Structures are given as structure tokens and as C-alpha cells.
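Biologist: I have a model open and would like to go through it with you. Can you put it up so that we look at the same thing?

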Amino acid sequence: MKNPEKFTESFTKTVIRTIITTTIIAIILYWLHVFPTGDKSKLSLFEMIWSIVFCIVFGGHWLELLFINYIKFALPKNILLLYFIRIVYWFLCSVPLFFIADLVDNLFSHNTGHLGHWWAFGFFYIAIELFMHAIMQIRSKKSFYNGVY
């Protein structure tokens, strides 16, 4: 089925929004001491956190566009099935995002396996997506909650 309402946004606007969002999230994670400091300086730790969050936010944006603009139109119109598929899709999308973020973490820390388990990140990523779509719903925009956008 052809997409009658394809979502488009300029690349520049996407990058600017992603940088702002990433910076806010990185500041919060840094302030909450989510990542162990080890022997890193404060600036090095913040750079690592920012880079990991950027990979997840920027990559997640493109995976969301893939679903919104292409995949959802090939699916059945049963709303409950669409909700289920969307949640499964988020979990599956979290896997490559986790491994990219883990690679970035390894580049900064020169060790392996710091970010935890990929499957646990999958559930965390679903929670992130539900939260972000709740914000879109509050702002009266199309979201997961009003039609599996």
C-alpha cells in the first residue's frame, strides 16, 4: 500500500534536534552517575556518554522513519496487532543500536562489555520509545498512542 502521509524532515533539522536531545539526555545521565567513571576525566566521561546517546537517538530516528514511512503500510489494519508489532519492532531495533553504542563505549574505554545485556537494553529501549511517544501525545502530535504512528 502506498503511504499517503509520508513523514519527511530535512537532514539539518534532524541533526540539530538530535544534538539538542542528545545533549540534554547526556547531561542527565552524567548528573545521575549512570556510567562508571573509572579513571576518566569529567570531560572524557561526558564525551563517552554523549556519543553513546547520540548513536541511540540518531539511529533510532532513522529506524522509526523506516517503520512510519514503509513498514506500517504493509501490515494488517488490526490496531491491536499493529501495537504488538510496533513493540516487537522497537525491541528488534534496539539490538543493532545496542551493539553500535557498545562499540562506541569500547572505543572510549578500551575494554569490552560495559553496557550490559542487549536484551535488557531492548526492554529499556521500548520504555524510552513509549516515553517519547507520550511526550508527542501530550503535544497533540501523531504518536503510538493515537494510531500507531
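What follows is a short chat about the fold, the surface and two backbone angles.

Modeller: Before you ask: this is a predicted model, where local features need pLDDT of at least 70, side-chain atom pairs count only at pLDDT 80 or more, and totals for chains, interfaces and linings use all residues. Residues are numbered from 1 along each chain as its sequence is written, and side-chain values use heavy atoms, with hydrogens and water left out.

Biologist: Fine. How many helices and strands does the protein chain have?

Modeller: Four helices and zero strands, so the order from the N terminus is α-α-α-α, where helices (H or I, at least four residues) and strands (E, at least two) are DSSP runs numbered from the N terminus.

Biologist: And what does the C-alpha trace span along its principal axes?

Modeller: About 55 × 30 × 25 Å.

Biologist: What share of the 149 residues is buried?

Modeller: Buried residues make up 35%. Buried means under 20% relative accessible area, exposed over 50%, and partly exposed in between (1.4 Å probe, protein chains only).

Biologist: What about contacts between residues 24 or more positions apart?

Modeller: They account for 64% of the contacts with a separation of 6 or more, a contact being heavy atoms within 4.5 Å.

Biologist: Switching to the surface. Which residues form a nonpolar patch?

Modeller: Ile16, Ile20, Ile24, Ile28, Trp31, Leu32 and Val34, with about 730 Å² of accessible area together. Patch residues have over 30% relative accessible area and no salt bridge, and nonpolar side chains (Val, Leu, Ile, Met, Phe, Trp, Tyr) are joined within 5 Å, like charges within 9 Å. A salt bridge is a side-chain nitrogen of Lys or Arg within 4 Å of a carboxyl oxygen of Asp or Glu. Areas come from the Shrake-Rupley method with a 1.4 Å probe, and for residues only the protein chains shown count as cover.

Biologist: Where is Ile16?

Modeller: In helix α1, residues 11–31. Ile16 is partly exposed, at 48% relative accessible area.

Biologist: Any odd backbone angles? What is phi of His33?

Modeller: Near 55°, a positive value in a residue other than glycine. His33 is in the loop between α1 and α2 (42–69) and is exposed, with a relative accessible area of 63%.

Biologist: And what about phi of Ser140?

Modeller: Near 60°, again positive in a residue other than glycine. Ser140 lies in the segment after α4 (118–138) and counts as exposed at 68% relative accessibility.
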